[in-house]
Every structure is written in C-alpha cells, then in structure tokens.
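Here are my notes on the two-chain model you sent over. I start with one residue and work outwards from there.

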Amino acid sequence: MTLGTAYTALGAGVLVWAFLVRSLRARPWQTKDAVGALHEGGETSLTPQRIGLFTFLAVISSLFGLFIAAYHMRMMDGIANGDWVHYKVPGILWFNTAVLMLGSATMQWAKGAAERGEFAPLRTRLIAGGALTGGFLLLQLLAWRELGADGFLSVRNPAIAFFYLLTAVHGLHLVGGLAVWGYTLRRLAAPTAPAVRVKDVRQVVGLCTLYWHYLMLVWLVLFGLMLST
Amino acid sequence: MAYVAMADRDHELHDPQTFITKYIWSQDHKVIAIQYGVTAIAIGLVALVLSLVMRLQLGFPHTFSLIAPADYYQAITMHGMIMVIYLLTALFLGGFGNYLIPLMCGARDMVFPYMNMLSYWVYLLAVLILVAGFFIPGGPTGAGWTLYPPQAVSTGTPGASWGIVCMLISLGVFIVAFTMGGLNYVTTVLQARCRGMTLMRMPLSVWGIFVATILGLLAFPALLVSAVMMTLDATIGTSFFMPAMLSMGHTNTHAGGSPLLFQHLFWFFGHPEVYIVALPAFGIVSDLLSTHSRRHIFGYRMMVWAILAIGCLSFVVWAHHMYVSGMNPYFGFFFATTTLIIAVPTAIKVYNWVLTLWRGDIHLTVPMLFAIGFIFTFIHGGLTGLFLGNVTVDVPLSATYFVVAHFHMVMGVSPILVVFGAVYHWYPKMSGKMLNDTLGRLHFWITFLGVYAIYLPMHYLGIMGVPRRYYAYSTADFPQSVQELNAAITVSALIVGAAQLILLFNLVYSLFKGKPAGPNPWRGTSLEWQTPDTPPKHGNWGPKLPVVYRWAYDYSVPGASEDFIPQNVPPGPGAPLSHGHG
C-alpha cells in the first residue's frame with residue numbers, strides 16, 4: 001500500500017474532523033440555558049437521502065482509491081519483474097467517454113426540468129440520459145472485444161487484467177445507477193398527488209444526477225490512469 | 001424544522017399487520033436488531049465449538065482423534081473469520097447498532113428502514129454461503145483467517161479450489177450487507193436525532209457505533225478489493241497476488257503476482273476492523289460504567305475526541321501486522337510510531353473509565369461486573385500490544401502463542417465481555433423481563449476467571465517460542481510443561497465454553513419466567529429507558545417524540561430529587577442542570 005493511500009485516508013479523517021469540530025467543542029454538562037440550546041434538526045440542511053448518497057459516494061471513493069493503489073503497486077512490481085506488458089488502450093474508449101459525458105450532461109438537463117416541474121421534457125431527457133449510459137456499457141463491451149482482437153485477451157498480463165477489472169467494476173456501479181433510474185421512471189408515471197410527485201421526483205432525479213456525475217468523474221480518473229501507464 | 005420531517009415521519013413509517021411483516025420481513029429496527037443478534041450468536045456458537053475441537057486436539061493429542069490436520073486448519077480459519085466478522089462486527093453494529101441508535105437518538109426508526117431490512121437478509125445470505133463451505137467438495141478454506149496468498153489458492157491447502165472461493169464470495173456479500181446497514185446508521189445519527197439531542201449530548205454508545213460504522217464503510221472496501229482480485233486469481237487465472245511457484249512438483253500457471261500487495265490490502269481493512277469491534281465496545285462500556293456507578297462519565301468530551309482520534313489513527317497502523325513480511329526499515333519505524341501514538345487516546349479512555357468509578361456509588365450488578373471485567377482484560381491485552389507494536393520485540397514473538405494470547409485478550413475476550421454486559425443491561429428493555437441474577441453472576445465469574453486461565457498461560461507458551469497454527473507438537477522440541485499447559489488450557493476452555501450455556505439458558509428461561517423489568521430497571525438517564533412501552537412498540541415513542549434537555553450522564557446531581565435525571569426531563573425543581581465536570 002502506498003503511503004499516498006494512507007495520507008488520503010488521513011486527509012479524509014481530517015475533513016470529517018473539521019466538519020464536526022464546531023459541534024464537538026460544546027460542553028453539554030455546563031449548559032446554562034438548556035431550552036435555548038436545543039438542537040433544531042439534522043446536522044445539515046441536506047435531506048437524509050442526500051446524506052446517504054454522499055456516504056455511499058465516500059464508500060465508492062474508498063473502493064476505487066484502493067483499486068488504484070493496488071494497480072499502482074502491482075504495476076511497480078510488474079515492471080520490475082517484467083510481466084507488466086504495456087498495451088494500446090482501445091481507441092473506442094475516447095468515443096465511449098464522450099457518450100458517458102453526454103449521458104451525464106443529459107441527466108443534468110433532466111434535473112433542470114425536474115426542478116421546474118416540467119414532467120414531459122423530464123421523461124424524454126431521463127430516457128435519453130439512461131439510454132446513453134446503457135449505450136456506454138455496450139460500447140465498453142466493444143472495447144473489451146477490440147482489446148481481445150488485438151491479441152491482448154490474456155489476463156495473464158496484469159495490465160490487461162486490471163483493464164477488465166476496473167471497467168467491469170465501474171460498469172457494475174453504472175448498472176446500479178440504471179436500476180435507480182428505472183425506479184425513477186416508474187415513479188414519474190405513478191399516479192400521486194402533483195405536489196408530492198414534484199417533490200419526490202425532483203429529489204430522486206437530483207440524486208441520480210449527482211451519482212451520474214460522480215461515476216463520470218471516476219471513469220475519467222480510471223481512463224486517465226490507463227492512458228498514462 | 002428539519003427534525004420534524006426526519007425524526008417524526010409517521011406517514012412514512014410502514015405499518016406491519018401480519019406475523020410475517022412484524023417478525024420476518026420486518027422493517028422495524030428493533031426486530032432487525034434481534035434478527036442480527038440471534039443469527040450472529042448462532043454462527044458464533046459454531047465458531048466456539050470449532051475452537052473447542054481445536055483445543056481438544058492441542059490439549060490431548062493422543063486421546064481424541066476428532067480431527068485430521070486438514071480439519072484443524074479449516075477449523076482455525078473458520079473460527080477466526082466467523083468470530084471477527086460474522087459474530088463481533090455483525091453483533092455490535094447490526095445488533096446493538098440497530099437497537100440502540102434510533103432509541104438513544106430519539107428517532108422512530110432508521111431513516112431507510114427497507115434498506116435496513118435488506119441489510120439483515122443479505123447478511124443472512126452471507127452466513128449461509130459461509131456455512132455452505134462446510135458441505136462443498138474439499139470443505140472450507142484452511143488458509144488461516146488472513147487468507148494469505150499464495151497459500152490460500154495453492155494445491156495442498158485445504159479448500160484451495162472451492163472453499164476459498166466460497167469464503168471470498170461470502171465476504172463480498174457480507175460487505176454489501178454491511179454497507180446497506182452502515183449507510184443507515186450514519187444517516188440516522190446525523191439527520192434523525194430528536195429535538196435537543198445535539199451530537200455532544202449523545203450517549204457514548206452511539207458515538208462508538210457511529211465512528212465504528214464510518215471506519216467500516218471506508219475499510220471494508222479494502223477487503224472487497226482483495227477478495228475480488230483473489231477470486232479472479234483462483235478462478236480465471238489472473239496473477240494479481242499469485243507468483244510463479246513450484247508447488248508439490250508442479251509449476252503453477254501464475255507469474256509475477258504480489259502476495260505482499262494482498263497483505264497490504266488485507267491489513268488496511270484488518271486493522272481498522274479491530275476498532276470496528278472495539279469502538280462500540282468502548283462506547284457501551286462507558287455507559288454501563290456510568291449507569292451502574294451512578295456517576296457521570298469522566299471526561300465525556302475527551303472520550304468523544306479519543307473515539308475520533310482512534311478512528312483516524314486506525315488507518316495508519318496497518319503494517320504493524322507485517323513486520324516479518326519484509327519492509328523498508330523506515331516503514332517499520334513509521335508504523336511502530338503510529339502504533340504507539342494510538343495507545344495515547346486508548347489509554348485516556350482507560351483512565352477515564354477508572355476515574356468514572358472513583359468515588360462512584362458502585363452497584364455490582366451483573367452488567368457492571370462484566371464492564372469492570374472488561375477493564376481488566378482490555379488493559380491486559382493493550383499492554384501486550386505495546387510489546388508487539390515494537391518491531392524488535394515483535395520479530396521473535398511473531399507467529400507464536402503470545403500473539404494468539406494478545407489478540408484474544410484485546411479483541412476477543414474484551415469485546416465479548418462488553419457484549420455480555422450489554423445483553424444483561426438491555427435485555428430488560430428488549431424483552432420486558434430481567435435476566436436471572438444468580439445465573440448471571442455464575443456466568444460472569446466462570447467466564448472471567450476462565451479466560452485468564454486460558455490466555456495467561458498462552459503468553460508463557462509464546463515466550464517459550466511455541467508457534468501458533470500447529471496441529472501437534474513434538475516433545476522433542478518443547479519441554480513437557482508445554483504439553484501440560486496446553487492440557488490445562490483445554491480444560492479451562494471447555495469449562496468456559498460450557499459456561500456460555502448458562503447465558504443461553506438464562507436468555508430463554510427469563511423470557512418466560514423472569515421478573516418483570518419495568519420501564520427503567522437500572523434507573524438510567526438515556527432515552528431508550530424513557531419509552532412509553534417496554535419493550536418499545538413500533539415507532540418507539542407513542543404519539544410524540546421526546547425532547548432532550550440535558551446530556552446522558554446526569555447521575556447523582558446535587559439538589560436533584562433522585563440520583564438520576566433522564567435526558568428528557570426539563571430543568572426545574574428536583575431536576576436541576578448539572579454543572580459538574582465532564
């Protein structure tokens with residue numbers, strides 16, 4: 001494990017520390033005016049769903065961060081003992097990246113419609129965003145094929161094995177996102193009171209969009225890693 | 001106001017109508033907690049029996065022929081993994097976390113009840129996959145609980161073909177379950193506390209569980225990464241961890257893999273895991289000591305900071321498990337230093353526990369006995385940790401019974417004593433009945449004295465150089481006293497193992513024949529003792545949520561009409577605000 005990972009973990013700890021430090025300076029046993037000091041709700045104005053998603057994104061960050069640390073360490077060993085063979089990253093990945101970015105932008109566009117309560121364009125944009133993401137996943141499979149056609153299919157080369165592994169793990173997270181996306185489309189069609197529906201859909205679309213952006217960012221990091229090594 | 005939307009969301013609470021939705025597919029945190037608890041204890045009993053079978057082999061190698069060498073390694077592996085992951089982690093976070101967080105924070109339930117329910121069922125699936133390992137060809141893996149490659153997937157190791165894959169899949173499923181539960185615990189603590197429950201008014205049990213959950217959410221991915229990569233090594237022939245080897249006369253098909261990479265990943269999870277188990281125990285024992293000594297916890301704020309400091313530091317000490325694996329000497333120095341630094345906040349907690357007892361009105365109830373017992377065993381295990389944290393001392397002691405004795409005292413016995421204390425403490429709230437006191441005391445004394453009879457001699461064995469993980473020892477290598485000690489340890493282990501049946505009997509007996517507990521038998525201040533119903537009904541609080549006016553440690557406040565003031569009692573005559581020192 002690189003020390004960088006340790007420092008990242010330490011940095012994350014410090015951030016949490018800084019976030020909490022104001023509250024932790026309180027002296028509960030000395031409270032003079034108990035009623036006046038009443039806590040007025042959650043620690044932040046974020047909804048529980050948003051807090052839950054942020055926490056989940058922290059888990060994903062830890063997961064991919066550790067994959068990247070493992071990639072780096074295995075690469076160093078592999079270069080030293082000669083079994084890490086560099087390969088040409090499939091050209092189609094550039095196109096795939098553009099498709100994923102477009103998907104992310106479409107989700108952002110859908111979010112705008114959700115905030116304005118415009119359900120008709122929202123549905124269209126959501127479907128487009130999901131379709132682009134589904135397209136990205138299919139295109140990733142084509143990238144796998146392209147890599148195989150180049151004679152690099154062997155997973156005995158750890159560089160190739162990592163390519164398959166990282167793209168697969170990233171793809172699985174997108175599949176999870178698509179499951180929530182499907183749920184959102186269903187909610188959009190559900191016959192509920194308009195006010196509840198607007199609030200509900202706005203929230204779910206907002207969370208989906210954030211998740212999409214984050215996974216796009218993760219992909220950019222992974223793509224950059226594969227290009228640069 | 002935000003708290004109304006989150007904590008008092010009657011309209012969003014599911015309303016269980018049938019037996020199935022009430023007790024099986026339940027979304028109620030209390031039912032899920034009990035489901036977690038029962039499952040964890042059940043699988044823990046399997047691990048306990050495995051340890052007794054191993055002890056019979058070690059203590060009386062020529063008398064019993066219960067297991068062959070391969071079985072011994074499988075028993076070691078399953079015992080360790082079950083105890084650490086499937087019992088302790090699940091019990092503290094899935095069990096006590098689920099039960100206590102909403103009740104102590106004044107919430108009606110977890111914020112994502114459906115996901116909470118799924119968490120339990122996925123955990124159960126993980127346990128079933130783990131148990132399936134006993135029935136597959138070749139049996140479960142015998143690689144040791146650390147699952148080090150290349151041994152774990154090499155021919156000759158028990159379960160190297162299917163057992164290891166079964167274990168890795170089970171761990172992956174467990175991590176999914178933990179993540180679903182963990183998201184709930186963190187979000188509920190941050191966003192669903194009742195009015196008045198500031199972070200710094202939360203009982204330390206909640207603090208311990210909260211920070212341990214964050215550790216778990218960040219550390220378990222390391223185990224997942226290593227599990228996924230090792231599964232690929234074992235199944236499709238990648239070489240992430242597997243080097244080229246000549247094994248049993250055959251060259252394997254791998255090349256260049258790094259076993260050290262696995263060790264780094266494993267221990268980046270493995271060391272925080274110690275605190276994932278320890279922090280909830282720290283929190284719970286603080287509350288037990290305070291309640292049963294009728295005194296506020298000494299240094300509350302320091303205790304919170306210590307929990308956070310231990311949580312952060314636990315991520316930068318992992319390589320002290322790898323001193324003998326080979327590393328740059330400067331790294332060894334770095335990790336020895338961080339290991340010693342983490343002893344500082346830990347020692348602060350120990351001092352504060354002792355100072356909480358100082359001049360307290362100590363009630364030697366059964367939960368208190370277990371809490372005080374914990375202080376003994378934890379100090380003991382902590383001090384031997386100082387030996388092993390130093391590179392030069394660790395090298396000769398590594399892989400001996402000294403290590404086994406150390407980690408069993410510090411993260412086996414100590415948290416289990418807290419679990420027992422917590423069961424005796426909260427069982428009255430969970431069931432409405434008191435556990436039988438005489439049986440409880442019998443259980444405590446046999447367990448407490450018994451674990452010393454087991455583990456003190458193990459230190460001596462370790463210093464003698466007796467290696468761990470050996471199926472049998474030759475008297476040509478070690479003096480006869482080693483064998484005699486092993487026999488004595490086995491007898492003690494059998495007695496302690498049998499003593500646990502007292503607790504199991506007590507749990508069932510008291511459910512039917514126990515004395516009614518009433519709502520607050522220990523005269524506790526925290527919110528779970530203030531529920532309108534005992535056991536608390538669905539939704540916990542009746543029509544209105546509690547409002548909190550004070551911290552959870554207002555015991556023996558001067559001028560108060562009783563020696564405790566619940567958190568939801570407003571300041572007034574007979575219930576002044578305390579102005580003591582936290």
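1. Let's begin with Val201(A), which is buried, having 23 other C-beta atoms within 10 Å. The cut-off for that label is 20 or more, so the count of 23 puts Val201(A) in the buried class. As for where this valine sits, look in helix α6 of chain A, which covers residues 194-228. Leaving out residues up to four places away in sequence, Val201(A) touches Ala114(A), Arg187(A) and Leu188(A). There is also a long-range pairing to look at: Gly117(A) is 84 residues from Val201(A) in sequence, yet their C-alpha atoms are 8.8 Å apart.

2. Now for the chain around that valine. This is a predicted model, so please read everything here in that light. Chain A has six helices and zero strands, and from the N terminus its elements run α-α-α-α-α-α. Buried residues account for 35% of its 229 residues. If you take the contacts in chain A with a separation of 6 or more, 79% are between residues 24 or more positions apart.

3. How confident is the predictor, and where does pLDDT stay under 50 in chain B? The model as a whole scores ipTM 0.92 and pTM 0.93. Chain B averages a pLDDT of 93, and 97% of its residues score at least 70. The stretch to flag is residues 1-6 of chain B, where pLDDT stays under 50. For those residues the model has 15 contacts beyond four places in sequence, and I'd leave them out of any detailed reading.4. On to the overall form of chain B. Its secondary structure comes to 15 helices and two strands. The radius of gyration is 24 Å, close to the 25 Å that the globule rule gives for 582 residues, so chain B is as compact as a globular protein of that length. The C-alpha trace spans about 80 × 50 × 50 Å along its principal axes. Of the 582 residues in this chain, 59% count as buried. Among its contacts between residues at least 6 apart in sequence, 79% join residues at least 24 apart.

5. Next, the nonpolar core. Which residues touch the most other members of the largest one? In this core of 237 residues, they are Cys105(B), Val206(B), Val225(B), Val285(B), Ile307(B) and Phe370(B). Helix α4 of chain B (residues 69-105) supplies the largest share, 24 residues. For Phe370(B), the contacts beyond four places in sequence are Leu417(B), Val418(B), Phe420(B), Gly421(B), Tyr424(B) and Phe444(B).

6. Ile307(B), from that list of core residues, brings us to helix α9 of chain B. The helix takes in residues 300-313, 14 in total, and reaches 20 Å from its first C-alpha to its last, close to the 20 Å expected at 1.5 Å a residue. Eleven of the 14 residues are buried, so α9(B) is largely enclosed by the rest of the structure. Ile307(B) is one of the buried residues, which also include Tyr300(B), Met303(B), Val304(B) and Gly311(B).

7. Some backbone geometry to look over. Most residues other than glycine have a negative phi, and most peptide bonds are trans. Chain B has a cis peptide bond between Pro149(B) and Pro150(B), with omega about 0 degrees. Pro150(B) is in the loop between α5 (113-132) and α6 (163-191). Another cis peptide bond joins Thr534(B) and Pro535(B), with omega about -5 degrees. Pro535(B) is in the segment after α15 (480-513) of chain B.

8. That segment after α15 also holds Asn540(B) and Ser556(B). Phi of Asn540(B) is near 70 degrees, a positive value in a residue other than glycine. Phi of Ser556(B) is positive too, near 50 degrees. Are these residues buried or partly exposed? Asn540(B) counts as buried, with 23 C-beta neighbours inside 10 Å, whereas Ser556(B) is partly exposed, with 19 other C-beta atoms within 10 Å.

Methods:
Residues are numbered from 1 along each chain as its sequence is written. Chains are lettered from A and ligands numbered from 1 in the order in which they are written. This is a predicted model: local features need pLDDT of at least 70, side-chain atom pairs count only at pLDDT 80 or more; totals for chains, interfaces and linings use all residues. Helices (H or I, at least four residues) and strands (E, at least two) are DSSP runs, numbered from the N terminus. The radius of gyration is taken over C-alpha atoms; the globule rule is 2.2 Å times the number of residues to the power 0.38. A residue is buried if 20 or more other C-beta atoms lie within 10 Å of its own, exposed if 12 or fewer, and partly exposed in between; C-beta atoms are placed from the backbone. Two residues are in contact if their C-beta atoms, placed from the backbone, lie within 7 Å. pLDDT is the predictor's confidence in each residue, from 0 to 100. The expected span of a helix is 1.5 Å times one less than its number of residues. A nonpolar core is a set of buried Ala, Val, Leu, Ile, Met, Phe, Trp, Tyr and Cys residues joined through C-beta atoms within 7 Å.
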